[in-house]
Structures are given as C-alpha cells and as structure tokens.
Amino acid sequence: MSFLSRVGRPMLAGVFVMGAYNQWRHPEGPEAAARGLLEELPSPPVTAAQAVRANAVAMGVGGAGLALGVAPRLAAAVLAGALVPTTYAGHAFWRLPPGQERTHSMLGFVSNVAVLGGLLQVMGRRRDR
C-alpha cells in the first residue's frame, strides 16, 4: 500500500466515523431530514429512526473498513451509498429561500460531493501500489 493511501484513506474515513458517532448519539436532526426524504416515497420501507440508525451503522462500518484498509473498495462503495441520500436529505439547499441558511446548506452539499469524489477515487483503484 502506498504512503498516500495509508494516510489518505483514514483521513477520508474520519468524517464518516465521526458522523456515525454523532448520528447514533444525537439522531434528532438527521431523523427530521430523513422524515422529509421518506415522505417523498409512496410507501416508505422504514421509519426515519430506522433509516438514521442504518445509515449510522453503514457509515461506522464503512468508515472503519476504509480507515483500516479492509476491503477499501467495498467500504468506499458502502460509504458512497450512504452519502448520496444523506446529502440529498440533509443539504437540500434548493428548497431554502436565499440567505445564510441556504448558503450554509449549499456548502455542505458541495463538500459532500467532494467527499463522494474521493470515495469514487478509492472505488476506482485496481490495487494499491
């Protein structure tokens, strides 16, 4: 494994491990966002609380796998799968009126898209050199 992978993957994983911890300890905010997303579905398969807990587990397990180099491509795919609905539900800036809250949400959205780009890079690697 290259030095950059040894250093970079745990750095990328850190945001997910912390996010998982925070979602597990304080699910109220993410549950409200998940509720809004689930309301868009005709027949939601889970409750908002279940979705948030499942997302926290996916981020925790995927983040740990990525950080430790255990099936990093699979871990990155799991994290990408968790990040997409989280970003859509949690940073829906297009639904907010112009102002500081919209700008803050847009920055969160763009940051998550950048992290998704890092995950795609990990997923696309054939092997570490």
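The crossing of helices α2 and α3 is right-handed (the near helix is turned clockwise from the far one by less than a right angle). The structure is a predicted model, in which local features need pLDDT of at least 70 and side-chain atom pairs count only at pLDDT 80 or more, while totals for chains, interfaces and linings use all residues. Residues are numbered from 1 along each chain as its sequence is written, and side-chain values use heavy atoms, with hydrogens and water left out.

Helix α2 spans residues 28-38 and helix α3 residues 48-68; helices are DSSP runs of H or I with at least four residues, numbered from the N terminus. The axes of α2 and α3, lines fitted to C-alpha atoms over the stretch in contact, come within 8 Å and cross at roughly 115 degrees. The two helices are therefore roughly perpendicular (65 to 115 degrees).

The model contains 2 salt bridges, each defined by a side-chain nitrogen of Lys or Arg within 4 Å of a carboxyl oxygen of Asp or Glu. One joins R35 to E31, at 3.9 Å from N to O. Both residues lie in α2, 4 residues apart, about one turn of the helix. E31 is buried (under 20% relative accessible area, 1.4 Å probe, protein chains only), with a value of 17%. R35 is partly exposed (between 20% and the 50% above which a residue is exposed), at 41%.

In the other salt bridge, the closest N and O atoms of E40 and R95 are 2.3 Å apart. This pair links distant parts of the chain, 55 residues apart: E40 is in the loop between α2 and α3, and R95 in the loop between α4 and α5.

Technical notes: Axes fitted to C-alpha atoms, helices over the stretch in contact; angles between N-to-C directions. Parallel < 35°, antiparallel > 145°, perpendicular 65-115°, else oblique.
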